[in-house]
Amino acid sequence: AVYGYAGTFTHTFTSAGTLSVLGLGASYFTNIQINSTVVTDVEIFDMSGITNMERMFMNCTALTTITGLSTGNVTEMRQAFKNCSALVTMPFIDTSSVYHVYAGLSGFENTWMGCSSLTSFPLINTSASTDFSSTWRGCSSLTSFPSIDTSSTLQMHSTWRECTSLVCLTNLDTVHAQTTTNGTIELMLYNTPALVQPDSTA
């Protein structure tokens with residue numbers, strides 16, 4: 001277990017098991033990066049102080065379950081779940097405060113990239129997001145996807161690239177998305193052979 005700790009804390013996990021995280025309010029954890037290949041479950045008892053989830057679970061390749069994920073105060077989520085290749089289900093999370101600007105864009109760059117075991121995804125608040133670069137790239141077990149709000153997006157490079165089982169996407173608004181050399185839609189959905197032509201506004 002990791003208890004409320006101010007400053008930088010580093011620990012190497014040597015055996016598989018459950019990690020319990022207990023923060024003690026806003027004066028403690030504002031950011032935590034677990035990055036473990038042996039942790040299978042994470043249970044969080046207080047996330048009230050965490051505002052930055054960048055790389056929080058990145059490369060947690062054995063992670064199957066996350067409980068207590070309260071994200072109402074989180075403003076940054078880039079690469080948060082990147083390469084969580086054993087994660088089958090993503091719990092519903094509050095993303096209404098995710099607005100941290102990096103390189104002129106805000107949102108979900110690489111957030112769930114490489115989550116190859118995810119079979120479904122919840123509807124999340126993406127109304128303020130301008131960046132969906134590689135957000136779900138390589139989520140090869142996803143078959144369907146909720147109708148998320150992409151009306152503010154400026155960047156959709158490789159958003160669902162290599163989602164090889166994805167069959168259906170609806171109501172994609174790509175009006176403001178930057179056009180790349182190969183075209184916004186083409187790269188956004190590159191190597192999605194099962195996909196029926198998406199219902200989009202471009």
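This short dialogue walks through how to read a few features of the structure above.

Q: What kind of model is this, and how are residues numbered?
A: This is a predicted model, in which local features need pLDDT of at least 70 and side-chain atom pairs count only at pLDDT 80 or more, while totals for chains, interfaces and linings use all residues. Residues are numbered from 1 along each chain as its sequence is written, and side-chain values use heavy atoms, with hydrogens and water left out.

Q: What does pLDDT say about the protein chain?
A: pLDDT is the predictor's confidence in each residue, from 0 to 100. The protein chain averages 83, and 82% of the residues score at least 70.

Q: How many helices and strands does the protein chain have?
A: Helices (H or I, at least four residues) and strands (E, at least two) are DSSP runs, numbered from the N terminus. Here there are 1 helix and 8 strands, in the order β-β-β-β-β-β-β-α-β. Among these elements, strand β4 (residues 65–67) has the highest mean pLDDT, 92, and strand β1 (residues 2–3) the lowest, 50.

Q: Is S129 buried or exposed?
A: Buried means under 20% relative accessible area, exposed over 50%, and partly exposed in between (1.4 Å probe, protein chains only). S129 has 1% relative accessibility and therefore counts as buried; S129 sits in the loop between β6 (105–106) and β7 (172–173).

Q: Which residues is S129 in contact with, leaving aside its neighbours within four places in sequence?
A: Contact means heavy atoms within 4.5 Å, and with those neighbours set aside, S129 is in contact with S106, G107, F108, S152 and T153.
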